[in-house]
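Ready for a few exercises? Have a look at what follows, try each task yourself, and then check the worked solution.

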Amino acid sequence: MSKIIEIENLQLTYAPNTSLQRQALQNINLTVESGEFRAIIGPQGSGKSTLLQVMAGLEVGLGKVIVDGLDLRQKKNRRMLWQRVGVIFQQPERQLFEDSLYNDVAYGPKNIGLSSEEIERRVKTALKKVKLGEEYYPLSPFKLSGGQQRRAAIAGILAMEPKILLLDEPTAGLDPKGRQEIMNLFSELCRKQGITMIMVSHDMEEVAHRADKVTVLQKGTVFLEGGPQEIFAQGNQLTEIGLAVPFASELANALRERGKNVSNVTTLADAEREVGKMLRRRNGH
Amino acid sequence: MVHNRVILNLQGVSFSYPDTQDKKALDSISLEIVAGEMVALLGPNGSGKSTLARLFNGLLIPTSGHVLVEGQSTQDEEVLWQIRQKVGMVFQNPDNQLVAALVEEELAFGMENLGISPGEMTEKIEQISTQFGIHELLQSPPHRLSGGQKQRVAIASVLAVDPEVLVLDEPTSMLDPGGRQEIMRELTRLKQVGKTIILVTHDMSEALMADRIVILEDGKIVLQGEPKQCFSQEDRLVKMGLEIPPGRRLAQRLKQKGFDIPNDLLCVKEWVEFLCLK
């Protein structure tokens, strides 16, 4: 495994030397391995979105930020980033604008001067990945449903074939079914195609389910970092800063407080196993 | 709900967006909401929830049928201004709602339009910003706030003009768990003081707070009733793409393995009590 993102001593101040000055990020040290699924969680205003913007080269602070070998302290490197890093902001469907789905997805590849065969290949591949079939190609993106629009916007980013995807609450506003579809897509892109995922999310069930590692931000600094089981075992520390833990972890933590012997769990499947064990012991098996 | 005064009355309301006449976003909806009631609107994306929410204060006008707010029709342009004062809207994305350069101005905006005196305005801004935990942000520009902070500002600015009915379209979908709880606590308080609340949500735990759940699918009301009553129809909800809370799902999984699990286990507390029984 190689490091694809390296951040050392990152500081970022909004509106420096004015009355509105605000320290958005301080002393951030962070490393992400290539192919990793990283979740970033934290209360409102903790700097999650700002950190994503730094990784995307859209905000520049003090300190070392290396993304896919590019040192983002240099402006020319930040410009090279946009072909390697895809950013999916909250409600990406607001960026749809073309007259047809096909043209919308083709917009990015056209802009970097690819051949028409290559553009076609990329558009078709991207739309296939998000499960929008050929019957949708000529439709106006605005005629699609909310979930479809979001998938269309994601296809536009996938058509650029990024190595890293930065996701800022990518499922906010989708219904449970739409959420599942999008999250399954991201998992697949990460596990099968090796795209590195950095996801800011408030959905702790999804974080527990998908992430390899979780970074918890609080007031612009890294508060905790570790695997989901390790992080969500710290229920009290997380609730103190206004975060929740997944149902399974909350249950395991509460049972441990009552003196029960339960291991750290984060998913329902794990909880089922642990609770099953308890019930079997109680029933004397 | 002492008087059971009907405050919102939808009579056979249908709505189609321009260019999509072939497909109705809402199809013959009839619904009465009484003053002081809290109603949760649920349904998959594209079911018509947000469209319905926008009909309550005349942001959208029905293609056929009537929306009456205390007997006044949203089709009557002369009373639309009054209707919008009575029915406040909070949207999913606060970026679409915030217009002022500073949070303080945002809170003052609606009041200024109503001609409220500067003294009263300052007092109200103090009170409402403290209530919503945004007092220290009063001098910040809204675009510099996090999504959750923006949403709190948006709700506070709607409440600043004291509407009787508050319609919220997935107001917590961009908030962190702490922010979510804050908004839900605030809604509980508003409900206690007699405000009528219509909450569009995907979150079952939020819906459980309501007096009544109304579930939409393909522009039609397919299920409505008290939360627990709707909730017992799990298979139907799952089929519609709605979510079953994890506590319930854990019970289902264990039952399938042959364990004897009571039917009413839902939250962590109930589970812990059950599992710690001697």
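**Exercise 1.** In what order do the four strands of the open sheet in chain B lie?

Solution. Keep in mind that this is a predicted model. Start with the order, which reads 2-1-4-5 in chain B, with antiparallel pairing. Next, look for the edges: strand 2 (26-34) and strand 5 (72-73) of chain B each pair on one side only. Now zoom in on one pair. Strand 1 (residues 6-15) of chain B runs antiparallel to strand 2 of chain B, and six bridges join them. Within strand 2 of chain B, Glu32(B) is the residue that Asn9(B) stands opposite.

**Exercise 2.** Work out which helix of chain B gives the most to the side that touches chain A.

Solution. Begin with the contact itself: 36 residues of chain B meet 37 residues of chain A. Among the helices of chain B, helix 5 (147-159), helix 6 (177-192), helix 10 (246-256) and helix 11 (268-275) each supply at least two residues of that side. Helix 10 of chain B comes out on top, with six residues. Sorted by kind, this side of chain B has 14 nonpolar, 15 polar and seven charged residues.

**Exercise 3.** Check the length of helix 11 of chain A against its expected span.

Solution. Take the 15 residues of helix 11 (residues 268-282) of chain A at 1.5 Å a residue, so the helix should span 21 Å. Its end C-alpha atoms are 21 Å apart, which agrees. Then see what is buried: Leu268(A), Ala271(A), Glu272(A), Glu274(A) and Val275(A). Their cover includes helix 10 (247-257) of chain A, along with helix 10 and helix 11 of chain B. Finally, Gly284(A) follows helix 11 of chain A, with a positive phi near 80 degrees.

Note on methods. Residues are numbered from 1 along each chain as its sequence is written. Chains are lettered from A and ligands numbered from 1 in the order in which they are written. This is a predicted model: local features need pLDDT of at least 70, side-chain atom pairs count only at pLDDT 80 or more; totals for chains, interfaces and linings use all residues. Two strands pair if DSSP finds at least two bridges between them. Two residues are in contact if their C-beta atoms, placed from the backbone, lie within 7 Å. Ala, Val, Leu, Ile, Met, Phe, Trp, Tyr, Cys and Pro count as nonpolar, Asp, Glu, Lys and Arg as charged, and the others, Gly among them, as polar. The expected span of a helix is 1.5 Å times one less than its number of residues. A residue is buried if 20 or more other C-beta atoms lie within 10 Å of its own, exposed if 12 or fewer, and partly exposed in between; C-beta atoms are placed from the backbone.
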